[in-house]
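I opened my notebook to look up what sits around the bound molecules here. Entries are short, with each term explained where I use it.

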Amino acid sequence: MSSIESYLEAQQDGFVEELCDLLRIPSVSAQPAHQGDMRRAADWIEQRFRRMGFSTEVIPTSGHPLVYAESPRVENAPTVLVYGHYDVQPAEPFDLWTSPPFEPTRRDGHLFARGATDDKGQMLTHVFSAQAWIEVEGRLPLNLKYLIEGEEEVGSASLAAFVRENRERLACDCVVISDGAQFGPEQPAITYGLRGIAYYDLVLTGPNRDLHSGSFGGTVTNPANALARILAALIDEHGRIQVPGFYDDVVPLSERERQQMAALPFDERQYLEQIGVSGLSGEEGYTTLERRWARPTYDINGLSSGYQGDGAKTVLPKSAAAKFSFRLVPNQDPEKIGRALRTMLAALCPPGIQLELDEHHNTPGVLIPMDSASIAAAARAIERAFGRAPVYTREGGSIPVVSTFHEALGVDILLLGWGQDDDNTHSPNEKFSLVDFHRGIKASALLWEELSKPSR
Ligand code: BES
Ligand code: MN
Ligand code: MN
């Protein structure tokens, strides 16, 4: 392993340069204007695998293409499937970026760019680690398959079908995903739970045009007023979501898990400081970590209606719209919640308003058993790379394909986040610490060795 480590050290600048090349491609999956960039990013990744001697394929879908690659066959060795995504979230608002989102810039030990940590940088750690094995040892100690998609940030619709239809091709002993965070700086983690999500677009339409709010106000239902009331009715002052039956299937946190979470070195003051707020709120009766990782939530993600320009305009808008979503915990059924929500909204809709609810993506939450040989191997690799044992965490975010893998392939899943909570994912000035990047590559190289050990 020491020669692999020296190789990794010698290649550090080259790896950063390559990551920068990929980061320069603005592969924003949500915005149709970037369709060509999606294809360019997929091609870039395919070429990267091809140069390593892997068999590769860019697979078209009804959305953005998938990249699939396989390492040269190693007999009598396990097979690992690496998942990652090359799509990124929109970079808006652009003016809040210190350096432009698609011109990767090194500053203070970090690389700043949209996608630096989510997920291009983390995904590439598993590519560079494989290259190191091939260059130094002439071969990998196991078989690697890679499935890199371009629709994660918009719900992974195409991937779910692909996984179900390609079970044999994707057959493996475990799945490895690095698309999340460590518990904190210098404190690596293995993640055993993710929340799910159910995302909606709500549009309220009233009069046939914007109206003078003096002439008509007080007689016509104002769609913006109606929207504010409806959105507020979905949650009470104790942070409890009001959709009927919403909590029916929520599995309560066990006393043991609550103790384990409480034992993690979580610094609430630092959390407040990092976000720049003076206080926290959430569902009553739960700690901050419990609320982030293991309790369902309701958040408005976008609001639009009425006059948005400078100064005042006395207008009664003809329509109002909101994007909102629930984060779900394991065992909650997004479809069932969608039905209950629809019924509730219909009952809340005032006269003179037409209500339209569109369901975007949804995905259930997941919990991963911690007692597998793969988890033990990952813990060893992480301890060797970081000089510190991992803690076991859940995450509040969602990775839709995880539940699909779980169902369709029935194998162990390793969620090994190399990033940090303050990497500004989905925000301006997204960044990835170069130390985290290089250590992720090293941990990945050690992971291939640990997963190949016959003890499994
Ligand atoms: N990498 C994130 C998920 C994540 C966030 C994992 C934080 C661990 C910690 C992923 O790219 C993401 O943003 N997922 C979306 C999924 C959605 C669009 C279906 C999310 O969670 O909003
Ligand atoms: Mn991600
Ligand atoms: Mn993301």
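I started with ligand 1: one of its nitrogen atoms is 2.8 Å from a backbone N or O atom of S398. I count such a pair as a polar contact when two N or O atoms are within 3.5 Å; within protein, one must be able to donate a hydrogen and the other to accept it, and residues adjacent in sequence count only if both atoms are side-chain atoms. I then checked how much of the ligand is covered: ligand 1 taken alone exposes 510 Å², and the protein buries 87% of that. Those areas come from the Shrake-Rupley method with a 1.4 Å probe.

A note to self on ground rules: this is a predicted model, where local features need pLDDT of at least 70, side-chain atom pairs count only at pLDDT 80 or more, and totals for chains, interfaces and linings use all residues. Residues are numbered from 1 along each chain as its sequence is written, chains are lettered from A and ligands numbered from 1 in the order in which they are written, and side-chain values use heavy atoms, with hydrogens and water left out.

**Around ligand 1**

I looked for more contacts and found a polar side-chain atom of E152 at 2.7 Å from an oxygen atom of ligand 1. The side chain of D118 also has an N or O atom 3.0 Å from an oxygen of the ligand.

How many residues surround ligand 1? I got 15, and the closest are E152, D179, R327, S398 and H426. A residue is near if one of its heavy atoms lies within 4 Å. The shell has three nonpolar, six polar and six charged residues. (Ala, Val, Leu, Ile, Met, Phe, Trp, Tyr, Cys and Pro count as nonpolar, Asp, Glu, Lys and Arg as charged, and the others, Gly among them, as polar.)

Why does ligand 1 lie between two domains? Domain 1 (2-194 + 365-452) and domain 2 (196-260 + 292-363) both give residues to its shell, so ligand 1 sits between them. The bounds come from an automatic or database domain assignment.

**The two manganese ions**

Next I listed donors, meaning N, O and S atoms within 2.8 Å of the metal (3.2 Å for Na, K and Ca); water is not among the atoms, so sites may look incomplete. For ligand 2, a manganese ion, I noted H85 (NE2), D118 (OD) and D179 (OD, listed twice), at 2.0 to 2.4 Å. The manganese ion that is ligand 3 has D118 (OD), E153 (OE, listed twice) and H426 (NE2), at 2.0 to 2.6 Å.

Which residue coordinates both ions? That is D118, and the ions are 3.6 Å apart. The pair links distant parts of the chain: H85 is in strand β3 (residues 79-85), while D179 is in the loop between β7 (174-177) and β8 (189-194), 94 residues apart. Helices (H or I, at least four residues) and strands (E, at least two) are DSSP runs, numbered from the N terminus.

**Backbone oddities**

I also checked the backbone and found a cis peptide bond from D118 to D119, with omega near 0°. D119 is in helix α3. Another cis bond joins E92 and P93, with omega about -5°, and P93 is in the loop between β3 and β4 (105-107). Last, E186 is not a glycine, yet has a positive phi of about 65°; E186 is in the loop between β7 and β8.
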